[in-house]
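This report covers the fold, the central strands, the cysteines, the cis peptide bonds and the main pocket of one protein chain. The sequence and structure come first.

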Amino acid sequence: MRFIAIAMAGLLAFAAPAAAEDEVRITGDLLEFQVEGPDGPVTVKRIQDQENEVTGYYAMTSRKCPPFCIQPVEAAPGVKTIGELELIDLMRDPDAILIDARTLDWHVKETIPGSVNIPYTEVASRLDELGCEKGDSGWNCENAKDVALYCNGLWCGQSPMAIKAMVREGYPADKINYYRGGMQNWKVLGFNTIEGMM
C-alpha cells in the first residue's frame with residue numbers, strides 16, 4: 001500500500017505544471033497578462049496573499065430588492081453570458097472592448113483593468129465608440145466590435161439595462177458578452193483592480 005502511495009505521489013508531481021507551489025495562478029498555464037490601462041500597461045493577476053479575504057461592499061451578501069434584485073443568466077436574447085476565463089480571453093483580444101457599465105462614481109473607485117466606462121445611462125448614445133455609425137435612421141452597427149459588459153455583481157441591473165439598450169438600438173446581440181458576476185466575482189476570485197479614470 002505504501003508503494004502505491006509513493007508511486008501516485010510521483011505521478012502527481014510529474015503531472016503538475018512547472019510553477020512555484022505558492023503561486024496563485026489564473027489557470028495552470030496562466031499566471032498573469034497585460035492590458036492597456038489609462039496610464040499604460042497594467043498587469044492583471046490574482047492577489048498572491050492566500051489569506052486575502054473580500055471585505056467591505058463586495059463582501060455583503062444581502063441587498064434590498066428592488067432595486068438590487070438577482071439578475072437572470074440571459075441579459076437579452078442572443079447575448080452570451082460569460083465567466084472569468086472567457087472574459088480574460090476577450091480582455092486579451094486587442095479588437096474587443098471591456099465595458100464597465102456602472103455609473104462614473106463606481107468606476108472611479110475601482111474597476112477591472114483594461115475596461116472603459118460607458119455608463120448604462122449613456123450607452124445607447126455612445127455606440128460610435130463601439131464601431132457603430134450614427135445615421136439619419138438610427139445606428140448602423142455592421143462594424144460593431146465584440147464587447148463584454150459588467151457591473152457590480154449578480155444582483156446589479158446596470159449592465160443588463162445597458163445590454164438591452166444596445167440591442168434595442170441595433171447592436172448585434174452576438175457581439176455582446178455579459179459578465180454577470182461583475183466586480184463581486186472578480187474580487188471573490190482575488191483579481192486585482194485599479195482606480196478608474198474620470
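## Overall architecture

Read from the N terminus, the protein chain follows the order α-β-β-β-α-β-α-β-β-β-β-α-β-α. That amounts to five helices and nine strands, where helices (H or I, at least four residues) and strands (E, at least two) are DSSP runs numbered from the N terminus. The C-alpha trace spans about 75 × 40 × 35 Å along its principal axes. Of the 198 residues in the protein chain, 40% are buried; buried means under 20% relative accessible area, exposed over 50%, and partly exposed in between, with a 1.4 Å probe and protein chains only.

The model is predicted: local features need pLDDT of at least 70, side-chain atom pairs count only at pLDDT 80 or more, and totals for chains, interfaces and linings use all residues. Residues are numbered from 1 along each chain as its sequence is written, and side-chain values use heavy atoms, with hydrogens and water left out.

## Parallel strands and crossovers

Strand E4 (residues 97-100) is covered on both faces. Ile97 and Ile99 lie on one side, Leu98 and Asp100 on the other, and all are buried. In a regular strand the side chains alternate between the two faces of the sheet. Two strands pair if DSSP finds at least two bridges between them. E4 pairs with strand E5 (residues 116-117) in the parallel sense through two bridges, and Ile99 stands opposite Val116 of E5. Between these strands the chain passes through helix H3 (residues 104-109), in a β-α-β crossover that is right-handed. A crossover is right-handed if, with the strands pointing away from the viewer, the path from the first strand over the helix to the second runs clockwise.

E4 also pairs with strand E8 (residues 147-150), again parallel, over four bridges. Within this pairing, Ile97 stands opposite Val147 and Asp100 has Tyr150 as its bridge partner. E8 is likewise covered on both faces, with Val147 and Leu149 on one side, Ala148 and Tyr150 on the other, and all four buried. Three bridges link E8 in parallel to strand E9 (residues 176-179), where Ile176 is opposite Val147. The connection from E8 to E9 runs through helix H4 (residues 158-168), and this β-α-β crossover is also right-handed.

## Cysteines

Two disulfides are counted, a disulfide being a pair of cysteine sulfur atoms within 2.5 Å. With bonded cysteines counted along the chain, their pattern is 1-2, 3-4. In the disulfide between Cys65 and Cys69 the sulfur atoms are 1.8 Å apart. The torsion about this S-S bond is about 95 degrees, so the Cys65 and Cys69 disulfide is right-handed. Cys65 is partly exposed at 47% relative accessibility, and Cys69 is partly exposed at 22%.

The other disulfide joins Cys132 to Cys141, with an S to S distance of 2.2 Å. Its torsion about the S-S bond is about 115 degrees, so the disulfide of Cys132 and Cys141 is right-handed. Both Cys132 and Cys141 are buried. Two further cysteines, Cys151 with a relative accessible area of 1% and Cys156 at 4%, count as buried.

## Cis peptide bonds

Most residues other than glycine have a negative phi, and most peptide bonds are trans. The bond from Cys65 to Pro66 is cis, with omega near -5 degrees. Pro66 and Pro67 are also joined by a cis peptide bond, with omega about 10 degrees. Pro66 lies in the loop between strand E2 (40-45) and strand E3 (80-82), and Pro67 is found in the loop between E2 and E3.

## The largest pocket

On a 1 Å grid over the protein atoms alone, a cavity is a set of points where a 1.4 Å probe fits but cannot get out, and a pocket is an open set with protein on both sides within 12 Å along at least five of seven lines; lining residues have an atom within 4 Å of a point. The largest pocket has a volume of about 180 Å³, taken as the space filled by probe spheres set on grid points joined across faces, edges and corners.

Its lining consists of Val35, Glu36, Leu90, Met91, Asp93, Ala96, Ile97, Leu98, Gly114 and Val116. Strand E1 (32-37), helix H2 (84-91) and E4 are the elements that give two or more residues to this lining. By class the lining has seven nonpolar, one polar and two charged residues; Ala, Val, Leu, Ile, Met, Phe, Trp, Tyr, Cys and Pro count as nonpolar, Asp, Glu, Lys and Arg as charged, and the others, Gly among them, as polar.
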